[in-house]
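User: I would like to work through a protein model with some questions. Please give short reasons and finish each reply with what I asked for.

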Amino acid sequence: MNILMLGWELPPHNSGGLGVACYYMSKALALKGAKIDFVVPYQAHHPDARFMTIHAATKLGPLHRNGLMGSYDSKYLKQIGLNEADSVALTDMRGVQKRYVEFVEEMVKNNKPDAIHAHDWLTMEAGMRAKELTDAPLIVHVHATEFDRSGEAFGNPIVHEIEYQGLMMADRIIAVSNITKSIIIKKYGIPADKIEVVHNAIDVASMGEHSYDRRTYKYLESLKDEGYTVITTITRFTIQKGLTHFVRAAARACEKHHKLVFLLAGDGEQRDELMRLSAELGISDKVFFTGFVRGKQWRDAYNIADIFVMSSVSEPFGLTALEAAHHNAALIISRQSGVGEVLHSIFRYDFWDIDVLADQIVGIATSPALAHDLKANIKHEYARISWSDVAHQCMQMYSNMKSGVTV
Amino acid sequence: MTKRGIVLYLHVHQPLRVRQYSVFDTAERHDYFNEPDTETDRNNERVLRKVADKSYRPMNALLEKLLHKHPEFKVSLSITGTFIEQAEKWAPDVLVSFQRLVATGRVEIVSETYYHSLAFFYSREEFERQVEMHRDKVRQLFGVETSVFRNTELSYNDELAKWADGYGFKGILAEGWDPILQWRSPNHVYRPPNTDNIRLLLKNYRLSDDLAFRFSNQEWAQWPLSADTYSEWTNASITDSSLVNLFMDYETFGEHQWADTGIFEFFESFVGKWLNNPDNTFYTTSEAIDRHEAMGEISMPNTVTWADSERDLTAWLGNDMQQEALRHLYALEDQIIRTGDDELISDWRKLQTSDHVYYMCTKWFTDGDVHAYFSPYDSPYDAFLYFMNALRDVRYRLMEYHKHGGLNG
């Protein structure tokens, strides 16, 4: 089974969950015998990816995969072998996408895949073109739609248009949750029976065995010793993530119980607004900002959490919730987050309902029994979700379509 | 008849800027003021060395020359404790040159808080401790007593005047702001309400700001300003009065206005021209008070500062972040003082320096006047973040010291 996998990023060059999901899905598929050609828009070394063949659609470095944006010098261009014309063509995201399509066109000329598997709007145009040229079935895998990314706003009309075309042209659609499936049905008018829900998973083995030394966030640890509860979220600070509601709920919760601290790990365009809001609400000494975290600082942001909150306004899945569960945190997840569909021992709330969230936070913080049960029970739930099951569902889909399209 | 005189008062200050002190440093290391990156203006040593070369050394040399050449030339200086500590480490020769100036007997040292803080508005006790620390330091370094007071950022109100009067100061400095002066001129000595002996000197902000802010501004209609023109203005300003109070940052000379703007030559020439007229002289702040009767009473119930078009404290306390930062900082006072731990107390006080909250000011976002402000941080939010982390670390050290609770979120 030859699969042409069209993606935009892979670890360690990822900016978020999309790359992680693509990586583990491909790995699990390879274990089930799939031969995968994975196309990314940039050139870089990918360690631990020998189970598939990675193709670079441009000579850009991973940092420039969304376009050069003027942030380069001629020395850099020379070094990676690009000329002046290239630098103009690859200025922005649309330019890079165009090159990506041309690269895929070239690639499929003498190499017809059994299925084309395209991830998100970024690669949908390339997927449609490959289908046109080869007549191979196209699977569009939706990790997030523009409606999710834009939070409570409308989003970019060009992206909406590409998503609409891609969803229309696809032979099958994979949605990462029922929430995403219903967005595809309601917003894009796609028939329900064309869409299959395949939830993401967590690769527990990759999280590894590690010892937690309680040193990364030493101040927070000493607060815990004094009976404080640490409430963490690890995310991009964008409108999609609903963090202003989270901060307002934090202030409400502090009115009822003062031994609470909030760790906001990550960075993004909303950071200043969140800092201003915390000060306005009089809780800025209870809200901690880490900036962008990787490695140990990232892992320990989970380790120190008593409660992990996913406050997203619209979250197709939400892998970080599973990672938090793995690190022994109690989970509070907005009803608008897909990961809640596969977990039971969690609290849920509507992203805008700060009173409910505040109540849940105080409830867990003041009841050791409740906190203990949530943590213990979630362990049994997240571990059951595996990438191998995801790969199994995909393989079945590829096979069915192979026979289905030879009319 | 008393001569017409200029009261030249220069303020010397450098804060101890907080480095990029993250949540990961909190409770681990206590070196808030020790930025390792030598290429950034958060690095205190770098700034001090730079300003010493550009301003303190050449300006002190010029002041010394003028004192030598003109027996009537005089100047008053306020020098903060945070500046002195840094100069002791990185530019001891600059301190020696200040000592030489004071030794002439024609350079007066003005009193203020050691840490250039806004403590007056938060804690009278802590405020007085810092005034005393500063007086001690001045005694030790220059062997003189101070008798005129200025508060941080020239912040002033009637209550402060009453305090200074009771504390024994004979003079106090403030901004000569039009909405308060109305028809009156800043070129006289005044009396604050409900006081016994103290006198008030008001900054002539037009003539002061011509040098401090406008001197090198090429869009200013009067650019380039010549010593002749400025002499004319000063003489015109003083026709029916006896004083011109020129109050400004010392760093105006060489740092705010670089040497290549001609500020040093301008100043030397202006002093000569002013003193060419035998009716003209210079006064130190206490001389100005001793030689002149108060013209009347001036009341400032609300706090006035020398900053911005608002002349209030909004650049330091205008937003929630600034208020939170200082509220939490001063809340620690009793516990901190009780430790008797010099290092901890000193770090806590260094965080009181008003510059820290100034860096958190966001009001220029609405003014569109970003360039009027200087900050070594990328944004006011960064300044707030590092400050709060440092403050939390102070709490942590406090808890370590008292060996029981005391941490806060």
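User: In which sense do strands E8 and E11 of chain A pair?

Analyst: This is a predicted model. In it, strand E8 of chain A covers residues 229-234. Thr232(A) has Phe308(A) of E11(A) as its bridge partner. Over 2 bridges, E8(A) and E11(A) pair in a sense that is parallel.

User: How many bridges join E11(A) to E12(A)?

Analyst: Strand E12 of chain A spans residues 330-334 and runs parallel to E11(A). Within this pair, Met310(A) stands opposite Ile333(A). The number of bridges joining E11(A) to E12(A) is 4.

User: Through which helix does the chain cross from E11(A) to E12(A)?

Analyst: The connection is a β-α-β crossover, and its hand is right-handed. The helix on the path covers residues 319-326 of chain A. That helix is H14.

User: Are the residues on the two sides of strand E11 of chain A buried or exposed?

Analyst: The strand consists of residues 307-310. One side carries Ile307(A) and Val309(A), and the other carries Phe308(A) and Met310(A). Both faces are covered, and all four of these residues are buried.

User: What radius of gyration does chain A have, and how does that fit a compact globule?

Analyst: Chain A has 17 helices and 13 strands, and 48% of its 407 residues count as buried. Its C-alpha trace spans about 65 × 50 × 40 Å along the principal axes. A compact globule with 407 residues would have a radius of gyration near 22 Å, so chain A agrees with that rule at 22 Å.

User: What share of the contacts in chain A with a separation of 6 or more comes from residues 24 or more positions apart?

Analyst: The count starts from contacts with a separation of 6 or more. Within that set, residues 24 or more positions apart account for 66%.

User: How far apart are the C-alpha centres of the two domains of chain A?

Analyst: Domain 1 of chain A takes in 2-201 + 386-404, while domain 2 is 205-382. Where they meet, 19 residues of domain 1 are in contact with 13 residues of domain 2. Helices H1, H6 and H8 of chain A each give two or more residues to the domain 1 side. The distance between the C-alpha centres is 30 Å.

User: And how far apart are the C-alpha centres of the two domains of chain B?

Analyst: In chain B, domain 1 is 4-297 and domain 2 is 315-402. Their contact takes 29 residues from domain 1 and 21 residues from domain 2. The domain 1 side divides into 12 nonpolar, 10 polar and 7 charged residues. The C-alpha centres of these domains lie apart by 24 Å.

User: Which element supplies the largest share of the side of chain A that touches chain B?

Analyst: The contact takes 25 residues from chain A and 23 residues from chain B. Helix H10, strand E9, helix H12 and strand E10 of chain A each supply at least two residues of the chain A side. That side divides into 10 nonpolar, 7 polar and 8 charged residues. The largest share, 6 residues, comes from H12(A).

User: Why does Gln140(B) count as buried or exposed?

Analyst: Gln140(B) is found in helix H4 of chain B, residues 124-142. A residue is exposed if 12 or fewer other C-beta atoms lie within 10 Å of its own. Gln140(B) has 9 such atoms, so Gln140(B) is exposed.

Key. Residues numbered from 1 in each chain as written. Chains lettered and ligands numbered in written order. Predicted model: local features only at pLDDT ≥ 70, side-chain atom pairs only at ≥ 80, totals over all residues. Contact = placed C-beta atoms within 7 Å. Nonpolar A, V, L, I, M, F, W, Y, C, P; charged D, E, K, R; others polar. Domains from an automatic or database assignment. Buried ≥ 20, exposed ≤ 12 C-beta atoms within 10 Å, placed from the backbone. Pairing = 2+ DSSP bridges. Right-handed = clockwise from strand over helix to strand, strands pointing away. Rg over C-alpha atoms; globule rule 2.2 N^0.38 Å.
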